[in-house]
Amino acid sequence: MTARDAVRGALAAAALAVAGAAAAQGVAGDEIVLGMVAPFSGAAKEMGQAVRTGVEVAFAAQNAAGGVGGRRLRLIAMDDGYEPARTSAAMKELVEGKKVFGVIGNVGTPTAAVAVPYANEKGVLFFGAVSGAPLLRNDPPDRYVFNYRASYGEETAAIVRYLVEVRRIAPSEIAVFAQEDAFGDAGFEGVARVMRHYRRDPAKVLRVGYKRNTADVEEAVQGILRHARGLKAVVMVATYKPAARFVEKLKDAGHGRLVFSNVSFVGSNELAEELTQLGPGYADGVVVTQVVPNPLAKASATLRYQKELKANAPGEKPGFLSLEGWVAARLLIEGLQRAGKNVNTEAVVEALEGIKALDLGLGVPLTFAPSEHQASHKIWGTVMDGKGEFRSLELE
Amino acid sequence: MALTGSFKETPFADLLQLYSISKQTVAVSVTLPGSVRPDGVFYFDRGDLVAAFMSGTEGREAVRRALRLGDGKFRVDPGANPPDVSGRDALRHVVLEEVVKVDEERRAGKPAMGATATTNGSWEAVPPAVRAAPAGGPSPAPARSAAPAPGSRPGGGDGGGTGGGPRPAVPPSPPPPKSRVGLLLVAGLVVLAAVGGGGLWFASQHRTQPAPEATPAPASPAPAAAAPARGVTDSEIVLGMVASLSGSNKERGRAMRAGWEAALAAANAAGGVNGRKLRLVAYDDGYDPSRTLAAMKEVVEGQHAFAVVGNVGTATAAVAVPYCAQQKVVFFGALSGADLLRKTPPDRYVFNVRAGLATEAAAAVRYLVEVRRIPAKRVAVLAQDDDFGASGSGGAVRQLQTYGVAPGDVLRLSYARNTADVREALARLRERAGEVDGVVMVATYKPAATFVRKARDARLKQVFTAVSADSSGLAEELVQAGQGYTEDVILTQVVPVPTAGASALLRFRKTLEQYAPGEKFGSTQLEAWLGAQLLLEGLARAGRDLDTERLVAALEGIQGLDIGIGTPLTFGPQRHQASEKVWGWALKPDGSWRQLDLE
């Protein structure tokens, strides 16, 4: 046996030991503890708060109904300020300090780029993160990473198809405003894919951007203004503050005729609030693609969500991100229930993979499988009116 | 001047052999008695039958009919171009099989004796011993269309990635001794005094066998009756493997065996299948087709293996597959993406796990055209000059055809098997460099790497793709070459990267750590492990009362089995290939690979 073999053997033993410990970690006789790492400070803090609300509301309602197999669900949320540099410590604190069973509802792509490898290494469930990026959607899918939502690629593809097919805008008249990191890249890749479908060279698509956690969009706006004559729409892959600023500046510059669309991660309700504060007209016509239905809809799932929200978080308004957190929590609860009394990570992974066409009343059946760790592929279209209210928009 | 003749004098089988040996490019038109116009036409391209049409049928059925003609006229037009040569390998194999069938049918009438075609088109009896052991006696050279190149040699593994390091090319071993060929020159037409069409093939192989008596007559019912018991006892199922365990391709055979053994050990530790433990007997053929049959016979008839699993290579499969068909032995999960293992409809006893080379090459073409925006007419193909290369280039050419490029317009480059001599291919690429933006390589890693390196040295900027070649060998060669050689080199693979976090891959790595400690997590080991999971599933479903037919039925019942490999695995009576999936990998400057979306 060489030294290298010895090290390899020791690592394997350590890995098995960790896996063994993970089986019981976070699961006590009377509770199951889950963690979340999300922005609760900084420019994206409303997003973290909204997702946490959704998850906590679902947990509270489930606990009121007896919990899962007699165990109550508890969430420990930690702040990373949407900064990947802080994500690692927060994840470590949750998994190794607080000994959570798994994490649910993490927010963000650059932060997931840190958290996902860590969860994989530890064999910890990484469930229902608010990110549509490919790094959470490996092929084949990572065993411990489960997504509820459709991907950014699916979102941006849907919006470009809508602009071209429904609004009759030429692919060459569409620009992209994207965050300059893995999030923006993932969204742009989705645009590029559809552009290829329309025989448009993605390299020729105008892409402007901004830096994460800033709202400095001046350069991006100037980039659009230089080409404004040939543009009719901008696909935005941005968070709500820079997105709002971008729309504001372009509308102020007299380009209100541009069709603005954003992916779900923008934080729809937060974007609406920012735009309506500026005065009438800014929100009007802004399109947002969604990975959940309208939270105010009268569907079975949304009615239940509204009821549970009212009961457990009085004063909180229904919103897209909190609904997303709520749906993710409902899915995880389903998996925990199916795993039965013996709750451990491996059993829950297999139970989740056994969920086939689960119909919560969302408008889309939810399915997991060993080779499919994304429950929904559905995109809903919404458009804001002048008051920032969302109404549904037929994308096809 | 067109040559004409009658099938009364010259059977179709003789024409096949004639044009195979003389390597001519001709069209043979067939006119049945009473017809005024030709009823069929058969195209030979440098000796290979590449297209066959007969009385409204084509391909296999056309060949089948022609072989049974006792009357009618033929006319030979030299230099005639076939309509489309993409079906070349399929037909090459069809010819072999149909010739064997005719041979068997003839002999079935006279069970005690073999049969041989004579120049007058009748069949006469010969003692079976002559067929089985012609080493000392007169025997024809194997027809090229019906046999792999007699000098096929080890080295330069095809058909699958592996974690193995670079393998130095070895000097070719001398070809097996050729028997004397009896030729007759009759009225300007060379006609072979053949030892019965199909007998040719087996005779040429059997000469290496020490005990010809042990070969059961293919038409005899004995093997079928014996099959249920073979290799299956109360407590054990014996599986056989013939792979390159020595020679320059031994790393791949070794990796394949290690993967299977680890998977079987894990299954045994969990109680085996229906109360039986599994045991693998692996034999070496050195990746040399001339050694494959002897090894297969030892595994199946000597060791009584119930099924043959995880064989390595295309040229060796060309020998092993007909043998398995004859013996009614399941031939499972071979490391080869060649067409000859993927017929339509599929051979009953041949089951594949991985996507075929044609599928891989087609995915590479789609990637170049759809993602890289390279006009289809600016995609060239570099292929090894054998079945392996032809299977891949066939897929590439068919895909290019869907983009409106005529097969004849595709720039096809080639190099000789078991060499890295790509000078001629490179010279042709340089000549046409202005018309080519992408090259699909159906090559082993050494010539592929050499080609890319030389192309970059010549300041050619094409995007290169390689089918599931040895990924680490390719990476190593290009990284060592210096800076800038790794750019725009894409690999297609039939398994995902073994180090990712998917359920199947975690299980694979755990199995290897436990039962083959120190073994590399390579794509060959993964392919072996994956094959074992599928076979174990089939064995479990076949039940305790196990025989080959029940195993086939059970395997064909596996539908949508998802073990977390990224695609559901499905067999069926019409589908003997579990996965159609192709993954893309892009080479990074440091020699590692990153996943690449091919769509």
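**Exercise 1. A hairpin in chain A**

Task: State in which sense strand 11 of chain A and strand 12 (residues 390–393) of chain A pair, and over how many bridges.

Solution.
Step 1. The two strands pair in the antiparallel sense, over four bridges. Two strands pair if DSSP finds at least two bridges between them. Strands (E, at least two residues) and helices (H or I, at least four) are DSSP runs, numbered from the N terminus.

Step 2. This is a predicted model, in which local features need pLDDT of at least 70 and side-chain atom pairs count only at pLDDT 80 or more, while totals for chains, interfaces and linings use all residues. Residues are numbered from 1 along each chain as its sequence is written, chains are lettered from A and ligands numbered from 1 in the order in which they are written, and side-chain values use heavy atoms, with hydrogens and water left out.

Step 3. Opposite A:Val383 stands A:Arg391 in strand 12 of chain A. The hairpin has five residues between its strands, and A:Gly388 takes a positive phi near 80° there.

Step 4. On strand 10 (residues 287–290) of chain A, A:Val287 has A:Val383 as its bridge partner. Strands 10 and 11 of chain A run antiparallel and are joined by four bridges.

**Exercise 2. The faces of strand 11**

Task: Find which residues of strand 11 of chain A point one way and which the other way.

Solution.
Step 1. In a regular strand the side chains alternate between the two faces of the sheet.

Step 2. A:Trp380, A:Thr382 and A:Met384 point one way, and A:Gly381 and A:Val383 the other way.

Step 3. Five of the five residues of strand 11 (residues 380–384) of chain A are buried. Buried means under 20% relative accessible area, exposed over 50%, and partly exposed in between (1.4 Å probe, protein chains only).

**Exercise 3. The whole sheet**

Task: Give the strand order of the open sheet of seven strands in chain A, and say what packs on the sheet.

Solution.
Step 1. The order is 7-6-8-9-10-11-12, with mixed pairing.

Step 2. Strand 7 (207–210) and strand 12 of chain A are at the edges; each has a single partner strand, so one side of each lacks a neighbour in the sheet.

Step 3. Helix 6 of chain A packs on the sheet and touches strand 6 (174–179), strand 7 and strand 8 (233–237) of chain A. Contact means heavy atoms within 4.5 Å. The direction of helix 6 makes about 160° with that of strand 6 of chain A. Axes are lines fitted to C-alpha atoms, for helices over the stretch in contact, and angles run from 0 to 180 degrees between N-to-C directions.

Step 4. Helix 9 (residues 268–277) of chain A also packs on the sheet, touching strand 10, strand 11 and strand 12 of chain A, and its direction makes about 15° with that of strand 11.

**Exercise 4. Helix 4 of chain A**

Task: Check the span of helix 4 (residues 109–122) of chain A at 1.5 Å a residue, and locate its kink.

Solution.
Step 1. The expected span is 1.5 Å times one less than the number of residues. For the 14 residues of helix 4 this gives 20 Å, and the end C-alpha atoms are 19 Å apart, which agrees.

Step 2. The kink, of about 25°, lies at A:Ala115, shortly before the proline A:Pro117. The bend at a residue is the angle between axes fitted to the seven residues ending there and the seven starting there.

Step 3. Among the buried residues of this helix are A:Ala112, A:Ala115, A:Val116 and A:Ala119. Their cover includes helix 3 (84–97) and helix 5 (152–166) of chain A.

Step 4. Just after helix 4, A:Gly123 takes a positive phi of about 65°.

**Exercise 5. Unusual backbone in two chains**

Task: Name the residue before A:Pro140 and the one before B:Pro345, each joined to its proline by a cis peptide bond.

Solution.
Step 1. Most residues other than glycine have a negative phi, and most peptide bonds are trans.

Step 2. The residue before A:Pro140 is A:Asp139, and omega is near 0°. A:Pro140 lies in the loop between strand 4 and strand 5 of chain A.

Step 3. The residue before B:Pro345 is B:Thr344, with omega near -10°.

Step 4. B:Tyr287 is not a glycine, yet has a positive phi of about 60°. B:Tyr287 is buried, at 1% relative accessible area.
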